[in-house]
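Subject: Structure for you to look at

Hello,

Here is the structure I promised to pass on. Could you open it next to this message and follow along?

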Amino acid sequence: MTSLIWFQRDLRLSDHAPLVRAIKQGHKIVFAYLHDPAYTIGEANSAWLAHSLKDLQASLHLKGHELLMLEGDFIASFNQLLSHFEIDEVLYHYEVGEPFLSQQNLALQVCQQHQIRLQPFDQAWYPAEQVLTQKGQTYSVFTPFYKKLLSLFNQVAYPQKAPDNLKTSKPDTPALPAWLKLPSTLNTLSQTTWAKRMMAHWQVGEHQAWLQVKRFCEEALNDYPTQRDFPAEPATSKLSVHLQFGELSVRELLHHLQALKPYPQYDVHAIDSFIRQLAWREFGRYLLHFNPLLERESFQTKFTHFPWDNNPEHLQDWQQGQTGVPIIDAGMRELWQTGWMHNRVRMLVASWLTKNANLSWREGQAWFANTLIDADPANNAMGWQWVAGCGVDAAPYYRLFNPVVQSERFDAQAQYIKQWLPELKPIPAKWAHAPWQHQSETRSIGFDLQKNYRIPSIDLAKSRQDHLDRVAAQKSYTQTLQLQN
C-alpha cells in the first residue's frame, strides 16, 4: 500500500496528522506539492512558498525521503502522480478559502475517478462542526466563540512530534528527476529584486518557526498585552506567516504556551492575551468554513449595494504609501519592503481606504493578498470586512480611526514613521504625525513639505464628515427597505 501526503499549507513534519496516519498504517509514503500557477494567493505569498518548499524538501531528505514538486495543470499533475506511484490513498490537511477549496474539489473528482480514498484531516484547534452554540448554531460573535474554544481546550489533540526516520517507508518506484526541482514560476519569482529584498527580513521553515517562538516567549511575551499596539516596539510574535504556511502547528503552539504557565518567569495573563489573539485567527477560519462567500461578499447584506467610490488615483496613493498621512504611508511602505505590516497599522490603513477614501474593502483585500507574506484568505476577508463595518462581529460602520490621533498615541516619538519615511527624519516628532498642520514651522528649519514629502491627497476632516453622511444615508435606506418589507 502506498499513501500520498499532499501538502498545501502544512509545510512541516511535526504534528502532521496525515503523516502520523500513514506511518501507523505501515504504508509506503510519497510526499508531494502540486503547483498550478492558476491557483495561487499572491506574489509575496509565493515568494515565501518557494523558500518554504526548499526547506521542507531538505528536512525530508535528511530523513530519507524527497519532496516532489509538480508544476502545471493541477488535474494533469495529480493524475500523473497517482498513476506513477500506484497510489492507494491520498492524505491531506483540509484548508479553507481559495484557492484551496477549488483544488480540494478537483482532487476529490480525480480520486473518485481512480477509486482512490481521499482523506482530509483538520488542523484547527478543534473541528469547526463541533464548535457550536447550545442550539447547535454557528457563532458570529468572537467572545462567545472564544469562550467555547477555551471550554474545549482540554479536548484538543496532543501534538505528535516529527518522526526520526522515514527510510523504511520510501516508495519502491523512483521519482522523475524533474519533480525534485522547485517549480519554475516560483523559482523565477523568488529571484526578483523585490522578492529578495523582502525575504531578507525573514528566516523560513519549521526550525526557524520554533526559534521565533523561543525568541518571542523569552524576549517579548510578558510585555505583549501592553506593548503589542506600538508598531515601533518589537512586541509582536511575527509568527503569523509561519502559521499561515503550516511551518508551525497552532495546536503545538497552544500546548507549548500552556506548558509555560507554571514557570514563574512567565506572566500567565500575557500568555492568555496572546492565546486570545491566536483565537481571532481561528475565528476567521471558522467563519470562512461556514460562509465560503465571505471572500467576495459582505457578510451583512445591507452593504451589498453600498456606494463605494472608484478613484484609481486614491487607490494608487494608498498602495504606494503616498497619501500624505505619515502613519498610513509608513505602514504601506513597510508592507511593500517586508511583506508584513504591524497589526495596529493594518487597521489604520484599512480604515483610511474604506472610510476616508471610500474605496471598497475588496480593493484592500486584493492588495493585501498580493503583497502580504502571511496572506490568509480567511483572516484577510474577516479583517477587511471588520474594519469596513460590513462583516461578522464588525466595528460599527460609523466608527473610523483618526490616523493622526492613533499615530500620536501609538508612535509618540515617530520612530515607526521615520523608519519607513526617512524623508521625515529632519522634522521633530511632534510635527511628524500631521506635518501639513505645521508647514510654517517646518519651513523655518528648511523643510518644504511639498518638495520633501507631500500634502495629504484626502482631507481627513472633510472625508470624516462625508463618511458620517454616507452612514446616515445608508441607515435611512435600510430603514426604508425594512418598512417596505
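Below is what I found in it, from the whole chain down to single residues.

First, the ground rules. This is a predicted model, so please keep in mind that local features need pLDDT of at least 70 and side-chain atom pairs count only at pLDDT 80 or more, while totals for chains, interfaces and linings use all residues. Residues are numbered from 1 along each chain as its sequence is written, and side-chain values use heavy atoms, with hydrogens and water left out.

**The whole chain**

The protein chain has 23 helices and five strands; helices (H or I, at least four residues) and strands (E, at least two) are DSSP runs, numbered from the N terminus. For 485 residues a compact globule would have a radius of gyration near 23 Å, and the 24 Å of the protein chain agrees with that. That radius is taken over C-alpha atoms, and the globule rule is 2.2 Å times the number of residues to the power 0.38. Along the principal axes, the C-alpha atoms fill a box of roughly 75 × 60 × 50 Å.

Of the 485 residues, 55% are buried (under 20% relative accessible area; exposed is over 50%, partly exposed in between, with a 1.4 Å probe and protein chains only). Among contacts (heavy atoms within 4.5 Å) between residues at least 6 apart in sequence, 78% join residues at least 24 apart.

**Strands 4 and 5, and the helix between them**

Strand 4 (residues 89-93) pairs with strand 5 (residues 117-121) in the parallel sense over five bridges; pairing requires that DSSP finds at least two bridges between the strands. The chain gets from strand 4 to strand 5 through helix 4 (residues 100-114), in a right-handed β-α-β crossover. Right-handed here means that, with the strands pointing away from the viewer, the path from the first strand over the helix to the second runs clockwise. One bridge joins V90 to L118 in strand 5.

C111 sits in helix 4 and is buried, at 1% relative accessible area. Beyond its neighbours within four places in sequence, C111 touches F78, V90, I116 and L118, so both partners of that V90 bridge are among its contacts.The loops at either end of helix 4 have their own details. Before it, a cis peptide bond joins E98 and P99, with omega about 10°, and P99 lies in the loop between strand 4 and helix 4. After it, Q115 is in the loop between helix 4 and strand 5, has a phi near 55°, and counts as exposed at 76% relative accessibility. Most residues other than glycine have a negative phi, and most peptide bonds are trans.

**The loop after strand 1**

D15 is in the loop between strand 1 and helix 1. D15 also has a positive phi, about 50°, without being a glycine, but D15 is buried, with a relative accessible area of 5%. R9 lies in the loop between strand 1 (2-7) and helix 1 (17-25) and is buried at 6%. Which residue is 237 places from R9 in sequence but 5.2 Å away, C-alpha to C-alpha? That residue is G246, and the contacts of R9 also include Y33, E95, F100 and Q244.

**Helix 16**

In helix 16 (residues 361-371), the buried residues are W361, G364, Q365, W367, F368, A369 and T371. Their cover includes helix 2 (43-62), helix 13 (312-319) and helix 17 (377-388).

Best wishes
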